[in-house]
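Trainee: Could you walk me through this model before I start working with it?

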Number of protein chains: 2
Amino acid sequence: MKYSAINFNDKLEQFSEQFSPKNIARLNDYLFKLVKFQGDFVWHTHDDTDEAFIVLDGDMRIDFRDGSVDIHTGEMFVVEKGVEHKPFAEKECRIMLVEPGGVKNTGDAGGELTAEEDIWI
Amino acid sequence: MKYSAINFNDKLEQFSEQFSPKNIARLNDYLFKLVKFQGDFVWHTHDDTDEAFIVLDGDMRIDFRDGSVDIHTGEMFVVEKGVEHKPFAEKECRIMLVEPGGVKNTGDAGGELTAEEDIWI
């Protein structure tokens, strides 16, 4: 079939690894990525780009140095560029990220949670 | 509250007008827009940009000159730039569009379904 839709649940069933975003669609030079995670991510900053979090299933929180935001299923939030943040989820949460290609998941922080980039599912 | 999430259902309750995208979030120079529609949109092309359709609630179809794609709740599709297309929904469908700022909903076609741009809810 020449044209087919991307089903989020079908894609989410294709991996179990946490903290490792998988590309599912490209829009010009932007990527849509699915990621599963539970627990604390690292504090980090993306100096050159905003980053959109869309919660597909679950509940997450993003901590900032001066506050936090809770994001539930059917909600989204955009972290502005240059703003240090730390995602957290008590139970496994499934989210879609939208950001330009070439963005490292751990931003300026690096470390062991840095994921391999450009994995398509 | 300094940081608050964007709830799709809350935003969708704020308007009933069809075929008229409302901005809900900005990501760099891209916009996330909600739109409700039912019936046939016009054949049109965006010569300069891809356009992402994410179905939040309902079923829609996009017709192309050489095929079509059905997109249901929890699915997305990216129409590549330069590809002529016509969205259709039998019952009212609620979708999120992601595209650069400044894109006209009817693309090159214009006409009576051309919506006012840059309305935020």
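Mentor: What follows covers confidence, the relation of the chains, their interface, the strands and the core.

Mentor: This is a predicted model, in which local features need pLDDT of at least 70, side-chain atom pairs count only at pLDDT 80 or more, and totals for chains, interfaces and linings use all residues. Residues are numbered from 1 along each chain as its sequence is written, while chains are lettered from A and ligands numbered from 1 in the order in which they are written.

Trainee: What is the mean pLDDT of chain A?

Mentor: Chain A has a mean pLDDT (the predictor's confidence in each residue, from 0 to 100) of 96, with 99% of its residues at 70 or more. For the model, ipTM is 0.96 and pTM is 0.96.

Trainee: OK, and what rotation superposes chain B on chain A?

Mentor: A rotation of 180° with 0.0 Å of shift along its axis does that, giving an RMSD of 0.0 Å, where the fit is by least squares on the C-alpha atoms of residues with pLDDT of at least 70 in both copies. The two copies are thus related as by a two-fold rotation axis.

Trainee: How many residues of chain B are in contact with chain A?

Mentor: There are 29 residues of chain B in contact with 29 residues of chain A, a contact being two residues whose C-beta atoms, placed from the backbone, lie within 7 Å. On the side of chain B that touches chain A, β6(B) gives the most, with five residues; strands here are DSSP runs of E, at least two residues, numbered from the N terminus.

Trainee: Why do the copies meet through the same surface?

Mentor: Because 100% of the interface residues of chain B are also interface residues in chain A.

Trainee: Which strand of chain B pairs with β1 of chain A?

Mentor: Strand β1 (residues 6-7) of chain A pairs with β7(B) in the antiparallel sense over two bridges, pairing being called when DSSP finds at least two bridges between strands. There, M76(B) is the bridge partner of I6(A).

Trainee: Switching topic, how are β5 and β6 of chain A joined?

Mentor: A hairpin links β5(A) to β6(A) through two residues, and these strands, residues 59-64 and 67-72, pair in the antiparallel sense over six bridges, with F64(A) opposite G67(A).

Trainee: Last one: what does I95(B) touch?

Mentor: Leaving out residues up to four places away in sequence, I95(B) touches V35(B), F53(B), I54(B), V55(B), L56(B) and M60(B).

Key:
Helix = DSSP H or I, 4+ residues; strand = E, 2+ residues; numbered from the N terminus.
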